Amino acid sequence: MAKRVLVTEPIVDSVLDFLRDRYSVEVGRRGSLDTEEALAEAVPGFDALLPMLSNPVTGRVLEAGDRLQVVANHAVGYNNIDLEAARRLGIRVANTPDVLTEASADCAMALLLAVTRRICEAEDYLRAGRFEGWEPLGFLGMELGGRTLGIFGMGRIGTALARRARAFGMEIRYHNRSEADPETVRELEAEYADSLQELARSADVLSLHCPLTPETRHAVDRRILEHMPSHAVLINTSRGPVVDEAALAEALHEGVIAGAGLDVFEREPEVHPRLLEAPGCVLTPHIASATRRARRDIGMLAARAIQGVLEGRPGEEIPNLVA
Ligand code: GLV
């Protein structure tokens with residue numbers, strides 16, 4: 001009998017075709033498996049699960065997977081999966097590193113430019129019919145050359161953003177759990193900051209690229225925001241809960257910092273109502289990896305991890321396993 005794969009919602013066709021050529025595949029309706037209950041009910045009988053970030057793959061879900069051998073997340077982050085429980089149950093877990101690095105860094109750069117040059121605000125003004133001609137004092141923003149970009153989490157995406165920012169003449173500082181690769185540091189002429197607090201104090205733009213862990217949850221809180229210069233801007237394309245969203249909304253309303261570009265939110269798909277009204281913000285619906293190429297490659301990497309676990313020979317390497 002063909003092995004059974006559950007894909008929790010529709011993904012790129014060529015990836016589904018690859019899976020259908022080999023397995024019996026079921027694809028969930030978008031959003032229908034976003035709760036622990038629904039997922040735990042759906043998972044029995046499947047050999048492999050291909051979930052989205054929005055699917056809570058908890059211990060209860062993994063225990064319900066009576067035949068489950070592998071969970072291949074459709075994302076590089078895997079904070080939606082209980083890795084401890086997976087290890088205990090002998091279920092392998094894969095993520096999708098590398099293939100979304102450039103797309104995500106492009107998006108972070110786009111937010112950085114959109115916020116510092118007030119692009120969305122200016123567009124709204126024009127569309128509202130308020131453009132009455134060139135103004136010497138209209139929509140003044142921040143020029144990037146010579147400004148400091150602070151990167152919290154100098155991994156793949158942080159490094160890719162830093163390269164882009166260097167091309168715009170920005171100086172790079174970063175804070176990481178460990179020092180970044182010396183070669184990269186040399187290439188970017190990047191300076192290490194001992195703490196997030198120190199990074200926040202010295203950055204004109206602070207961009208977040210860390211994973212969501214108990215240590216990074218609410219890492220950017222009121223205290224950190226108060227360390228940032230009042231002209232500074234925060235960019236978040238990592239995970240919403242890294243930022244205390246209510247504190248950020250208040251800080252923006254009070255002018256503690258000048259703006260924010262956010263692609264991720266604390267309780268997606270909800271966005272804090274005070275943030276929706278806050279000045280200087282560009283808000284996007286978690287689209288950092290949303291390019292045709294990245295979404296195809298993410299899907300294929302996840303699908304190949306499923307194939308590797310279900311059919312691989314012992315000792316054969318699957319590079320993107322995290323458990
Ligand atoms: C997207 O947010 C990812 O982790 O891939």
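## A cavity, a core and a parallel sheet

The largest cavity is lined by N236, G240, V243, E245, L248, L262, V264 and F265. About 30 Å³ of space lies inside this largest cavity, and the count of cavities of 30 Å³ or more comes to one. Sorted by class, the lining of the largest cavity has five nonpolar, two polar and one charged residues. Please keep in mind while reading that this is a predicted model.

Several of these lining residues turn up again below, so let us begin with the core.

### The nonpolar core

Which residues have the most contacts inside the largest nonpolar core? They are L234 and L248, in a core of 30 residues. At least two residues of this core come from each of helix 9 (196–202), strand 9, helix 10 (222–227), helix 11 (245–253) and strand 11 (259–262). Helix 11 gives the most, with five residues. L248, one of the two residues with the most contacts in the core, is also among the residues that line the largest cavity.

### The sheet

Now to the sheet. Seven strands form an open sheet in the order 8-7-6-9-10-11-12, and their pairing is parallel. Its edges are strand 8 (191–192) and strand 12 (281–283), each of which pairs on one side only.

Here are the strand pairs for which a bridge count and one pair of facing residues can be listed.

| Strand pair | Sense | Bridges | Example of facing residues |
|---|---|---|---|
| Strand 6 and strand 7 | parallel | five bridges | I151 and Y174 |
| Strand 6 and strand 9 | parallel | four bridges | G150 and L206 |
| Strand 9 and strand 10 | parallel | four bridges | V205 and V233 |
| Strand 10 and strand 11 | parallel | four bridges | N236 and L262 |
| Strand 11 and strand 12 | parallel | three bridges | A260 and C281 |

The facing residues N236 and L262 both belong to the lining of the largest cavity.

Strand 6 (residues 148–152) deserves a closer look. Why can strand 6 be called largely enclosed by the rest of the structure? Five of its five residues are buried, so the strand is largely enclosed. In a regular strand the side chains alternate between the two faces of the sheet. In strand 6, T148, G150 and F152 point one way, while L149 and I151 point the other way, and all are buried.

Strand 10 (residues 233–236) is likewise covered on both faces. V233 and I235 lie on one side of strand 10, L234 and N236 on the other, and all are buried. Two of these residues appear elsewhere in the picture: L234 is one of the two residues with the most contacts in the largest nonpolar core, and N236 is among those lining the largest cavity.

### Crossovers

How do the helices link the strands? Strand 6, helix 7 (residues 156–167) and strand 7 (residues 171–175) make a right-handed β-α-β unit. Strand 9 (residues 205–208), helix 10 and strand 10 make a right-handed β-α-β unit too. From strand 10 the chain crosses through helix 11 to strand 11, and this β-α-β crossover is right-handed. Helix 11, on this last path, is the helix that gives five residues to the largest nonpolar core.

### The second largest pocket

Turning to the open spaces, the second largest pocket has a volume of about 200 Å³. Which residues line the second largest pocket? They are A122, Y125, L126, F131, G133, W134, E135, G138 and F139. By class this lining holds six nonpolar, two polar and one charged residues.

E135, one of the lining residues of this pocket, lies in the loop between helix 6 (119–127) and strand 6. Is E135 buried or partly exposed? Its relative accessible area is 36%, so E135 is partly exposed. E135 and I81 are 54 residues apart along the chain, and their C-alpha atoms are separated by 52 Å.

### A residue in helix 5

A108 lies in helix 5 (residues 101–116). With a relative accessibility of 0%, A108 counts as buried. A108 and A305 are 197 residues apart in sequence, and the distance between them in space is 28 Å, C-alpha to C-alpha.

Key. Residues are numbered from 1 along each chain as its sequence is written. This is a predicted model: local features need pLDDT of at least 70, side-chain atom pairs count only at pLDDT 80 or more; totals for chains, interfaces and linings use all residues. Side-chain values use heavy atoms; hydrogens and water are left out. Buried means under 20% relative accessible area, exposed over 50%, partly exposed in between (1.4 Å probe, protein chains only). Two strands pair if DSSP finds at least two bridges between them. A crossover is right-handed if, with the strands pointing away from the viewer, the path from the first strand over the helix to the second runs clockwise. On a 1 Å grid over the protein atoms alone, a cavity is a set of points where a 1.4 Å probe fits but cannot get out, and a pocket is an open set with protein on both sides within 12 Å along at least five of seven lines; lining residues have an atom within 4 Å of a point. Grid points are joined across faces, edges and corners, and a volume is the space filled by probe spheres set on the points. Ala, Val, Leu, Ile, Met, Phe, Trp, Tyr, Cys and Pro count as nonpolar, Asp, Glu, Lys and Arg as charged, and the others, Gly among them, as polar. A nonpolar core is a set of buried Ala, Val, Leu, Ile, Met, Phe, Trp, Tyr and Cys residues joined through side-chain atoms within 4.5 Å.
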